[in-house]
Every structure is written in structure tokens, then in C-alpha cells.
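Let's walk through one part of this fold together, strand by strand. Have the viewer open and follow along.

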Amino acid sequence: MHLRTATPEDAPGLLALASTMSALLSVVPDDLQAATIEMKFASALQNGLVIVAQHPSDEEAIVGFVMAHRAGDISRKHVYTGTVLLVHPDFQQKKMGRTLLTIFLEEIGRSKLEVGKVEIVIKESNRVALQLFQSMGFLIEGRWEMRVKNADGSYEAEIPMGWTNPNFEFDQP
């Protein structure tokens, strides 16, 4: 398994993985829509960070990725937002998500000192993701009631979480 920083040529692989994940769900969440993935990927390549995991026997295939991009407004330029972590089902429960997230956060701590915070919003029912992000140092920062309408018509809360870069340089202009 090879993990590396993404390039523009990885777009088809990210879209293929998002499509695979979408096919497993009864309703495709906005974060997995092709247009959303394309927009977030372009933004993260330009003003953020994307780490990809290549398939061990097919370098063209992406089996996991994590990405986030800089928030748009000047007062939040120190924040990475729109975080997405996806891992192909065949590679889940094998520490792939944890490894991607570890490398992602280490890279921010090492070379993105202007980034003070990484944000993610997770559906309350996604206990595995909530536990993973908490175990990696993300803190729960609230609860947004009735934020998501599920396929069965029920409503669900989303949980905003944040990680603080321990190497953030507060004195930057």
C-alpha cells in the first residue's frame, strides 16, 4: 500500500471511490456527489491537502483518501474545512482510515504551520467515524439537531468536531 500526496491526475480515482461508496448507500449524501467531490478535490489541491492510498496491486486505483481545504473567508484562513475521509469497503477495519488521518495530521503539523484547526462534521449515527476522529485528537464542538434528513424520513443530528494543530504559529499576519 502506497500513501502519498495527491496530484490532479488522481481525480478519476477519487471519483471512482466515491461512486463505489455511493452505490452501497440507499441515499447518496451530498459529500459523495461527484460534483461535490470534484469541487472539494480542486479546492484542496489548490488551498489544502489531499492524501491518497493506492491499491497495492493497481497503482491507478485509489482505495482511500482524506482531504480538506482552507476556509474561504479571511477571518478563517487558518482553518481547514470540508474534510472528507473515504476508505474502500475492502480496506475498512484494517487501520487504513487511521493511517490516512495520521499522515494527514502529521503533514499539517510539519509543513502547514499556518493551519491552526481542521474541522469535520459527522452524522451522529456514524459511530465508527466519531470514535476514530476522537481517538485522533478531534474534539466534539457541538451538536446540530435535525441537520440531515435520512432516506426513511427521520432526522439526524450532525456532530461538528475540530483538531488543533499543536505547531500552529499564532503570530502569523
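What follows is a tour of one strand and its partners.

A quick word on the ground rules: this is a predicted model, so local features need pLDDT of at least 70, side-chain atom pairs count only at pLDDT 80 or more, and totals for chains, interfaces and linings use all residues. Residues are numbered from 1 along each chain as its sequence is written, and side-chain values use heavy atoms, with hydrogens and water left out.

Start at strand β8, residues 155-164. Strands here are DSSP runs of E with at least two residues, numbered from the N terminus, and two of them pair if DSSP finds at least two bridges between them.

Coming into β8 you pass through a hairpin: β7 and β8 have five residues between them. In that turn, Gly153 has a positive phi of about 90°. β7 covers residues 144-149 and runs antiparallel to β8, joined by three bridges. To find the register, look for Trp144 opposite Glu158 and Val148 opposite Glu156.

Now for the other partners. Strand β5 (residues 117-123) is antiparallel to β8 too, with seven bridges joining them; Lys117 sits opposite Thr164. The short run β6, residues 139-140, adds two bridges to β8, again antiparallel, and there Leu139 faces Gly162 across the pair.

How enclosed is β8 by the rest of the structure? Largely, because eight of its ten residues are buried, meaning under 20% relative accessible area with a 1.4 Å probe, protein chains only.

Terms used
Helix = DSSP H or I, 4+ residues; strand = E, 2+ residues; numbered from the N terminus. Buried < 20%, exposed > 50% of the residue type's maximum accessible area, 1.4 Å probe, protein only.
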